[in-house]
Amino acid sequence: MTDPIADYLTRIRNAVMAKHKVVEIPASNIKKDMTRILFEKGYILNYKFEEQGPQGNIKIALKYNPETKLAAIKSLQRISKPGLRKYVDKDHLPRVLNGLGVAIISTSQGLITDKEARSLNIGGEVLCYVY
């Protein structure tokens with residue numbers, strides 16, 4: 001697999017389109033951090049890390065509106081790709097939907113959102129947009 005982050009986002013995107021309640025994804029440290037950010041920002045209902053086999057799995061419970069059955073995640077976009085990395089400095093941090101969405105950024109402080117990077121005054125690699 002050449003791009004595990006794109007695979008992670010695609011599995012979640014496909015599960016949302018198919019209206020699944022739970023999606024299971026092979027684990028890695030960066031995927032665990034991305035899952036934690038999605039949970040903190042309210043895009044997923046819950047998650048669980050299972051340590052079985054050499055790398056383990058992440059079980060993610062997807063979040064839907066009970067009345068309209070619409071998913072909390074409207075779009076997941078991969079920005080920085082293995083063939084073309086996108087780095088930003090502290091002055092050019094992206095704003096997703098004028099602050100309504102979240103950009104996940106890989107920095108020297110670990111994976112953080114665009115708002116946290118702005119408050120810490122640091123830049124990094126823009127991994128994805130979520131809204």
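**Exercise 1. Find which residue of β3 stands opposite Val23, then work out how the strands are arranged.**

*Solution.* Start with the pair itself: Val23 has Ile60 of β3 standing opposite. Keep in mind that you're looking at a predicted model.

Next, zoom out to the two strands. β1 and β3 (residues 57-62) run antiparallel and are joined by five bridges. In general, strands of a sheet pair through backbone hydrogen bonds, and the pairing can be parallel or antiparallel.

Now add the remaining strand. The open sheet has three strands, ordered β1-β3-β2, with antiparallel pairing. β1 (22-26) and β2 (44-50) each have a single partner strand, so they stand at the edges, and one side of each has no neighbour in the sheet. From one strand to the next, the twist averages 20°.

**Exercise 2. Work out which strands helix α1 touches and which strands helix α2 lies across.**

*Solution.* Take α1 to begin with. This helix covers residues 4-17 and packs on the sheet, where it touches β1 and β3. Compare directions and you get about 165° between α1 and β1.

Then do the same for α2, which spans residues 29-40. Helix α2 lies across β1, β2 and β3, and it runs at about 155° to β2.

**Exercise 3. Classify the aromatic pairs and say how the rings are linked.**

*Solution.* Here's the rule you need: ring centres must lie within 6.5 Å, and planes over 60 degrees apart count as edge-to-face, under 30 as stacked, and the rest as tilted. That gives two aromatic pairs.

Step one: Phe39 and Tyr47 have 5.3 Å centre to centre and 75° between the planes, an edge-to-face pair.

Step two: Tyr47 and Phe49 have ring centres 5.2 Å apart, and their planes are at 50°, so this pair is tilted.

Step three: put the pairs together. Phe39, Tyr47 and Phe49 are linked into a cluster by ring pairs.

**Exercise 4. Decide whether Phe39 is buried, exposed or partly exposed, then do the same for Tyr47 and Phe49.**

*Solution.* Buried means under 20% relative accessible area and exposed means over 50%, with partly exposed in between. Phe39 has 34% relative accessibility, so call it partly exposed. Tyr47, at 25%, is partly exposed. Phe49 comes out at 32%, so Phe49 is partly exposed too.

One last thing to spot at Phe49: the charged end of Lys32 sits over the ring, 5.3 Å from the ring's centre.

Note on methods: Residues numbered from 1 in each chain as written. Predicted model: local features only at pLDDT ≥ 70, side-chain atom pairs only at ≥ 80, totals over all residues. Heavy atoms only, no water. Phe/Tyr/Trp six-rings, centres within 6.5 Å; stacked < 30°, edge-to-face > 60°. Buried < 20%, exposed > 50% of the residue type's maximum accessible area, 1.4 Å probe, protein only. Lys NZ or Arg CZ within 6 Å of the ring centre and 35° of its normal. Pairing = 2+ DSSP bridges. Helix = DSSP H or I, 4+ residues; strand = E, 2+ residues; numbered from the N terminus. Axes fitted to C-alpha atoms, helices over the stretch in contact; angles between N-to-C directions. Contact = heavy atoms within 4.5 Å.
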